[in-house]
Amino acid sequence: MKHILLGLSALVLAACAETTTVNEGTFTFGGKSYRTTTQEFTTATGTFQRRRILVGAQRVSCSATDDADCVLAIIEATKSSSDRGA
């Protein structure tokens, strides 16, 4: 639920923000490397970054500056995929 609220907050902020940079890379957790896209947004009050990670066929969003947030997002995505039988 936390990631849903954070994702919605990011979407609202992104709607009022300009994307200034986009970088592709990888994030490693549990011995696996995941493809990532990191976006930097500029708003009237400053800049912030979001990271999107491809976990199987699902894309999850997390803080680009908090790896623990991204680990939790991967764990939740993996758990929800196994709950659906994927």
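Along the sequence, the chain follows the pattern α-β-β-β-β-α. That gives 2 helices and 4 strands. The model is predicted. The chain has 86 residues, and buried residues make up 30% of them. Its accessible surface comes to about 5,500 Å². Carbon and sulfur atoms account for 57% of that surface. Among contacts between residues at least 6 apart in sequence, 26% join residues at least 24 apart.

## The nonpolar core

The largest nonpolar core has 10 residues. They are Phe27, Tyr34, Ile53, Val55, Val60, Cys62, Cys70, Ala73, Ile74 and Ala77. Three elements give two or more residues to this core: β3 (46-55), β4 (58-63) and α2 (67-83). Helix α2 supplies the largest share, 4 residues.

Phenylalanine 27 is one of the core residues. Which residues does phenylalanine 27 contact, leaving aside its neighbours within four places in sequence? The list runs Lys32, Ser33, Tyr34, Thr36, Arg51, Ile53, Asp67, Cys70, Val71 and Ile74. Tyr34, Ile53, Cys70 and Ile74 in that list are also members of the core.

## The disulfide

The chain has 1 disulfide. Cysteine 62 and cysteine 70 form it, with their sulfur atoms 2.1 Å apart. The link is right-handed, with 85° about the S-S bond. Are its two ends buried or exposed? Cysteine 62 has 0% relative accessibility, so it counts as buried. Cysteine 70 also has a relative accessible area of 0%, and it is therefore buried. Both cysteines belong to the largest nonpolar core.

## An aromatic pair

A search of the whole structure finds 1 aromatic pair. Its partners are phenylalanine 41 and phenylalanine 48, whose ring centres lie 5.0 Å apart. Why is the pair called stacked? The ring planes meet at 25°, and planes under 30 degrees apart count as stacked. Both phenylalanines are buried. Neither residue is listed in the largest nonpolar core.

## Polar contacts of the strands and helix α2

Several side chains in β3, β4 and α2 make polar contacts. Five are set out below.

| Side chain | Partner | Distance |
|---|---|---|
| Arginine 52 | Glutamine 39, side chain | 2.5 Å |
| Aspartate 69 | Serine 63, backbone nitrogen | 2.7 Å |
| Serine 61 | Arginine 50, side chain | 3.0 Å |
| Serine 63 | Threonine 65, side chain | 3.1 Å |
| Serine 63 | Aspartate 66, backbone nitrogen | 3.3 Å |

Start with serine 63. This residue lies in strand β4. Its relative accessible area is 15%, so serine 63 is buried. Its side chain has two partners in the table: the side chain of threonine 65 and the backbone nitrogen of aspartate 66. Its own backbone nitrogen is reached by the side chain of aspartate 69. Not counting residues up to four places away in sequence, serine 63 touches Arg50, Arg51, Asp69 and Cys70. Cys70 in that list is one half of the disulfide.

Aspartate 69 lies in helix α2. Its contact with serine 63 therefore joins helix α2 to strand β4. Is aspartate 69 buried or exposed? Its relative accessible area is 6%, so aspartate 69 is buried.

Serine 61 is also in strand β4. Its side chain meets that of arginine 50 at 3.0 Å. Serine 61 and threonine 38 are 23 residues apart in sequence. Their C-alpha atoms are 9.6 Å apart in space.

Arginine 52 sits in strand β3. At 25% relative accessibility, arginine 52 counts as partly exposed, because that category lies between the buried limit of 20% and the exposed limit of 50%. Which residues does arginine 52 contact, leaving aside its neighbours within four places in sequence? They are Arg35, Thr36, Thr37, Gln39, Arg59, Val60 and Ser61. With glutamine 39 the link is a polar contact between side chains. Two other residues in that list, Val60 and Ser61, fall within β4 (58-63). The C-alpha atoms of arginine 52 and phenylalanine 27 are separated by 9.9 Å. Along the chain these two residues are 25 apart.

Notes: Residues are numbered from 1 along each chain as its sequence is written. This is a predicted model: local features need pLDDT of at least 70, side-chain atom pairs count only at pLDDT 80 or more; totals for chains, interfaces and linings use all residues. Side-chain values use heavy atoms; hydrogens and water are left out. Buried means under 20% relative accessible area, exposed over 50%, partly exposed in between (1.4 Å probe, protein chains only). Contact means heavy atoms within 4.5 Å. Accessible areas come from the Shrake-Rupley method with a 1.4 Å probe; for residues, only the protein chains shown count as cover. A disulfide is a pair of cysteine sulfur atoms within 2.5 Å. Rings of Phe, Tyr and Trp (its six-membered ring) pair if their centres lie within 6.5 Å; planes under 30 degrees apart count as stacked, over 60 as edge-to-face and the rest as tilted. A nonpolar core is a set of buried Ala, Val, Leu, Ile, Met, Phe, Trp, Tyr and Cys residues joined through side-chain atoms within 4.5 Å. A polar contact is a pair of N or O atoms within 3.5 Å; within protein, one must be able to donate a hydrogen and the other to accept it, and residues adjacent in sequence count only if both atoms are side-chain atoms.
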